[in-house]
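Trainee: Got a minute? I'd like to go through this one with you.
Mentor: Sure, put it up and ask away.

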Amino acid sequence: MKRFLPFLTAAAALAAVALSLMPPPQRGAFHLAAFGRIPVVAEGRTKPLDTVARATLLVCSGRQQAVTAAGAEIGPEQWLLDTLFRHAIADSYPVFRIDNPEVLATLGLEARDGLGGVRFSFLQFAGNFAELERQAQMAEEVDASQRSAFQRGALELAEHVQAYVQLKFGLTGRMPRGPWTEVSDRPIDYTPLTAAWQNQDPEAFNRWVALRLAQAAQDDPLAVRKSRWEARFNAAEPFYTSMLLYVGAFLFAALSWLTWPESLRRSSIVLLAFAFVLATGGIAARMWLEGRPPVTNLYSSALFVGWAAVALCLVLERIHRSAVPAAAGSLIGFGTLIIAHHLALSGDTMEMMRAVLDSNFWLSTHVVTVTLGYAATFLAGFVAAVALLRSVLSRRPDQAADDAAARMVYGIVCFATLFSFIGTVLGGIWADQSWGRFWGWDPKENGALMIVVWNAIILHCRWGGLIRQRGLLTMAVFGNVVTAWSWFGTNMLGVGLHSYGFTASAFHGLVAFVLAQLAIMALAALPPRRPQPA
């Protein structure tokens, strides 16, 4: 069995990837998938209606699917059509996530009234919405970092309802107003579509959709092609499948330290490789759709950090064959995709670039280079954390494996120092071109400098003999804290040119991550277990 396990794992992973990439089957008489491929201009870029629906659902509900009042799951296109043309039905769908008990009390609701205790329909709180608006206006006058959980919840829900209402009344007969505009200047008559959906007439609906796609293909063929591929990309959800494969890779790597070391290690590498290839395809697809380098915002930086770390792990596994890089890479890959998922809850992840950042040259040089520095520093920290935990908790210490882990961490830290330093210098040159100064002690600039300095401290302590193997690994784990602060912490300060605003959930996650790293460092201070007698 253990002999054939890697091959069976490869076959299962290939089947999972193939199934995720297959186009979804046509269900029902309405060509909903074709409707979702219609290109529109929204939030400064051309995108399919499928993305408009999914982004709005993610913001309001935290999911890309909706549930009817009867409990049946429906796709984003059907939800969008009901929101546009069947208001009473759409208002009954529990799509608003409300998990703050004070907000629920303000709306006259209880957790037991909602789907899963957290999702509610507009109808359930429409009568008390005026009070919610009043509370949200009061909360808006308070500084973001000083708002209470109730104020943040009230303001967030009010914004979600506003987005829903804007979408709900976004069409008036012959022209859209509100969330999107057309890709061409020709007038589009939505009256037949309205009648077809309200009367549940699939023939008229499909005829209008086919005509609209044909018109769009004449006006802007590239927009139609990109919209078609973006809708397919949305349905495939490659990063979700990668996330599942990373979990499997970590479990196999961890089990390889207990039994069947070579067979399980190879199985772990197989899953890691499949996840990496799928993530590579997802990032490449986003680059083609955006016409941009891989890193343009915080969401894409999370994807790229995980991708780069996994790429380095596959190289390290080829050299050392210890399952430690596989375990570390799968943890980073999974963690960064979880972060990306939560960042996607704020809306469209392929947003329009800010004017000062609208430079493909600097996005390709500074941003990619400094993000590689993030990825390498995280990788050093996670490899060190896995090695320390294995060393401290294992009943059979393996000095050779510990020595190999230390060599890996040392090499990764050298790589991280180089890329962090070059990326920081390139950022200063870009800042000089954009703002007229090379360095301004902005929090984000300080965070980037902290990564360079901390990696340099690790190397100097190692070269000077101040630390040995255990000290090197422990200091590398603290590099996770420094990098997490530079990557996310500085964005939440609410000051500086790189601030993206305070987010309570991100703050709590950052604190939990830091505490976890400190706990691993505390464990590293324990003496290693002595070999057990045979």
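Mentor: One term before we start: contact means heavy atoms within 4.5 Å. Also keep in mind that this is a predicted model.

Trainee: Okay. Which residues does valine 409 touch, leaving out those up to four places away in sequence?
Mentor: Valine 409 touches Ala380, Val383, Ala384, Leu472, Leu473 and Ala476.

Trainee: And which residues have the most contacts inside the largest nonpolar core?
Mentor: Phe239, Leu379 and Val409. That core has 74 residues.

Trainee: Which helix gives the most to this core?
Mentor: Helix H17, residues 360–393. Its share is 13 residues. There is also a second, separate core, with 51 residues. Among them are Leu32, Tyr93, Phe120 and Phe122.

Trainee: Let's stay with contacts. Where is alanine 328?
Mentor: Alanine 328 is in helix H16. Its relative accessibility is 0%, so alanine 328 counts as buried.

Trainee: What is alanine 328 in contact with, beyond its neighbours within four places in sequence?
Mentor: Cys313, Leu379, Phe382, Val383 and Val386. Take cysteine 313: it is 15 residues from alanine 328 in sequence. In space, the two are 7.6 Å apart, C-alpha to C-alpha.

Trainee: You mentioned a cysteine. How many disulfides are there?
Mentor: Zero. A disulfide is a covalent bond between the sulfur atoms of two cysteines.

Trainee: Why is cysteine 461 not bonded to cysteine 414?
Mentor: Because their sulfurs are 14 Å apart, too far for a bond. For the sulfur of cysteine 461, cysteine 414 holds the closest cysteine sulfur.

Trainee: Is cysteine 461 buried or exposed?
Mentor: Cysteine 461 counts as buried, at 15% relative accessibility. Cysteine 414 is partly exposed, with a relative accessible area of 30%.

Trainee: New topic: backbone angles. What is the phi of arginine 321?
Mentor: About 50°. That is a positive phi, although arginine 321 is not a glycine. Alanine 323 has a positive phi too, of about 75°, and it is not a glycine either.

Trainee: Where does arginine 321 lie?
Mentor: In the loop between helix H15 (298–320) and helix H16 (324–344). Alanine 323 is also in the loop between H15 and H16.

Trainee: Is alanine 323 buried or exposed?
Mentor: Alanine 323 counts as buried, at 1% relative accessibility. Arginine 321 is partly exposed, with a relative accessible area of 46%.

Trainee: Now sheets. What is the strand order in the open sheet of three strands?
Mentor: E2-E1-E9, with antiparallel pairing. Strand E2 (45–48) and strand E9 (181–182) stand at the edges. Each has a single partner strand, so one side of each is left without a neighbour in the sheet.

Trainee: How many bridges join E1 and E2?
Mentor: Four. Strand E1 covers residues 39–42. Alanine 42 stands opposite arginine 45 in E2.

Trainee: Which helix packs on the sheet?
Mentor: Helix H12, residues 221–236. Helix H12 touches E1 and E2. Its direction makes about 55° with that of E2.

Trainee: Give me a residue in H12 to look at.
Mentor: Try glutamate 230, which is in helix H12. Glutamate 230 counts as buried, at 2% relative accessibility. Its contacts beyond four places in sequence include Arg45, Thr46, Lys47 and Pro48.

Trainee: Last topic: rings. How many aromatic pairs does the structure hold?
Mentor: There are 21. One of them joins phenylalanine 30 and tryptophan 197. That pair is edge-to-face, 5.0 Å centre to centre, with 65° between the planes.

Trainee: How many residues apart are those two?
Mentor: They are 167 residues apart, so to speak in distant parts of the chain. Tryptophan 197 is in helix H10, residues 191–198. Phenylalanine 30 is in the loop between helix H1 (5–21) and helix H2 (32–36).

Trainee: Any ring cluster worth finding on screen?
Mentor: Look for Trp79, Phe96, Phe122, Phe125, Phe129 and Tyr164, which ring pairs link into a cluster. Trp79 is also one of the buried residues of H4. In helix H4 (residues 76–85), nine of the ten residues are buried.

Definitions and conventions: Residues are numbered from 1 along each chain as its sequence is written. This is a predicted model: local features need pLDDT of at least 70, side-chain atom pairs count only at pLDDT 80 or more; totals for chains, interfaces and linings use all residues. Side-chain values use heavy atoms; hydrogens and water are left out. A nonpolar core is a set of buried Ala, Val, Leu, Ile, Met, Phe, Trp, Tyr and Cys residues joined through side-chain atoms within 4.5 Å. Buried means under 20% relative accessible area, exposed over 50%, partly exposed in between (1.4 Å probe, protein chains only). A disulfide is a pair of cysteine sulfur atoms within 2.5 Å. Two strands pair if DSSP finds at least two bridges between them. Axes are lines fitted to C-alpha atoms, for helices over the stretch in contact, and angles run from 0 to 180 degrees between N-to-C directions. Rings of Phe, Tyr and Trp (its six-membered ring) pair if their centres lie within 6.5 Å; planes under 30 degrees apart count as stacked, over 60 as edge-to-face and the rest as tilted.
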